[in-house]
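Please find below a colleague's note on the structure you asked me to look over. The points are numbered for ease of reply.

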Amino acid sequence: MNKTILSILVLASFSYGVEPSVALKSYMLELQNQAKILNPNFLNFDAKIGKDIFFQKQIVDGKEISCTTCHTKNLGSQGLNSKTNKIIDPLSPSVNRLRLTDVKEMKKWLKRNFNDVYKREGTAQEKGNVLAFILKN
Ligand code: HEC
């Protein structure tokens, strides 16, 4: 089977909360190809692992922080940026149709937000897992 067809089948096997945007599908394919380079046994992203990444608390500069600190535990709710005190629109694409529709935006914020919480950029597999989780919620 050629690689593209395989990738499409792998993506199609997700059960999404909402239909993923074209931008998200192409970004997930990119992440999937990167993940396979690092882990040849990689098959699919896992929303459950993504959920753990989203909820896991870290201590940064003596303070507890997780993705939920700014985005809350309910992805359908508005969040609050703990650094700037600005309101953040809900992250869930089922509530906010603009979510996960722009590759540049997703790359920029995942990189920045992984650094905020995990003090590193995050791997392709971690980013794909977390996007799969957000998409389902
Ligand atoms: C310090 C606050 C803060 C933390 C912690 C945080 N985020 Fe964010 N996040 C933001 C802000 C601010 C934006 C950009 C504003 C917006 O999109 O409404 C954003 C945007 C995003 C986006 C872009 C959504 C899109 O539609 O393109 C994703 C994905 C995201 N965050 C995931 C995460 C993940 C995963 C974590 C944990 C690793 C995390 N965030 C932790 C503040 C935060």
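The note begins with the chain as a whole, then turns to the ligand and its iron atom, and ends with individual residues.

1. Status and overall make-up. The model is predicted. The protein chain holds 6 helices and 4 strands. Read from the N terminus, the order of these elements is α-α-α-β-β-α-β-β-α-α. Of the 137 residues in the protein chain, 40% are buried.

2. Protein donors to the iron. Two protein atoms act as donors to the iron atom of the ligand, namely NE2 of His71 and OD1 of Asn113. These donors lie 1.8 to 2.0 Å from the iron atom. The pair joins distant parts of the chain, as His71 belongs to helix H4 (residues 67–71) and Asn113 to helix H5 (residues 103–118), with the two positions 42 residues apart in numbering.

3. Geometry at the iron. Which arrangement do the 6 donor atoms around the iron atom of the ligand adopt? The arrangement is octahedral, because the angles subtended by the 6 donor atoms run from 87 to 177 degrees. For orientation, the ideal angles for six octahedral donors are 90 or 180 degrees.

4. Accessibility of the two donor residues. Are His71 and Asn113 buried or partly exposed? His71 has a relative accessible area of 14% and is therefore buried, the cut-off being under 20%. Asn113 is partly exposed, with a relative accessibility of 25%. Both values refer to the protein chains only, so the ligand does not enter into them.

5. Surroundings of the ligand. The ligand sits in the largest pocket. Its shell consists of 20 residues, and the closest are Cys67, Cys70, His71, Arg99 and Asn113. Helices H4, H5 and H6 (124–136) each contribute at least two residues to this shell. H5 makes the greatest contribution, with 7 residues.

6. Polar atoms facing the ligand. Beyond its role as a donor to the iron atom, His71 has a side-chain N or O atom 2.8 Å from a nitrogen atom of the ligand. For Arg99, a polar side-chain atom is 2.7 Å from an oxygen atom of the ligand. Leu100 approaches through its backbone, where an N or O atom lies 2.9 Å from an oxygen atom of the ligand.

7. Leu100. This residue merits a separate remark on its backbone. Leu100 is located in the loop between S4 and H5. Its phi is positive, at about 55 degrees, although Leu100 is not a glycine. With a relative accessible area of 10%, Leu100 is buried.

8. Asp61. A positive phi, about 50 degrees, is also found at Asp61, which is not a glycine. Asp61 occupies the loop between strand S1 (58–60) and strand S2 (63–65). At 74% relative accessibility, Asp61 is exposed, whereas Leu100 is buried.

9. Lys127. Is Lys127 buried or exposed? Lys127, in helix H6, has a relative accessible area of 8% and is therefore buried. Its side chain forms a polar contact of 2.9 Å with the side chain of Glu121.

10. Ser21 and Ser82. Ser21 is placed in the loop between helix H1 (3–12) and helix H2 (22–38). It counts as buried at 19% relative accessibility, a value to be read against the cut-off of under 20%. A polar atom of the Ser21 side chain is 2.9 Å from the backbone nitrogen of Leu24. Ser82 lies in the loop between strand S3 (79–80) and strand S4 (87–88), and is partly exposed at 43% relative accessibility. From C-alpha to C-alpha, Ser82 is 9.5 Å from His71, with a separation of 11 residues in sequence.

11. Ile53. Ile53 is part of helix H3 (residues 47–55) and is buried, at 10% relative accessibility. Ile53 and Tyr118 are 65 residues apart in sequence, yet their C-alpha atoms are 9.5 Å apart in space.

Conventions:
Residues are numbered from 1 along each chain as its sequence is written. This is a predicted model: local features need pLDDT of at least 70, side-chain atom pairs count only at pLDDT 80 or more; totals for chains, interfaces and linings use all residues. Side-chain values use heavy atoms; hydrogens and water are left out. Donors are N, O and S atoms within 2.8 Å of the metal (3.2 Å for Na, K and Ca); water is not among the atoms, so sites may look incomplete. Four donors count as tetrahedral if all angles lie between 85 and 135 degrees; four count as square planar and six as octahedral if opposite donors are over 155 degrees apart and all others between 65 and 115; anything else is irregular. Buried means under 20% relative accessible area, exposed over 50%, partly exposed in between (1.4 Å probe, protein chains only). A residue is near a molecule or strand if one of its heavy atoms lies within 4 Å of it. A polar contact is a pair of N or O atoms within 3.5 Å; within protein, one must be able to donate a hydrogen and the other to accept it, and residues adjacent in sequence count only if both atoms are side-chain atoms. On a 1 Å grid over the protein atoms alone, a cavity is a set of points where a 1.4 Å probe fits but cannot get out, and a pocket is an open set with protein on both sides within 12 Å along at least five of seven lines; lining residues have an atom within 4 Å of a point. A molecule sits in a cavity or pocket if more than half of its atoms lie within 2 Å of its grid points.
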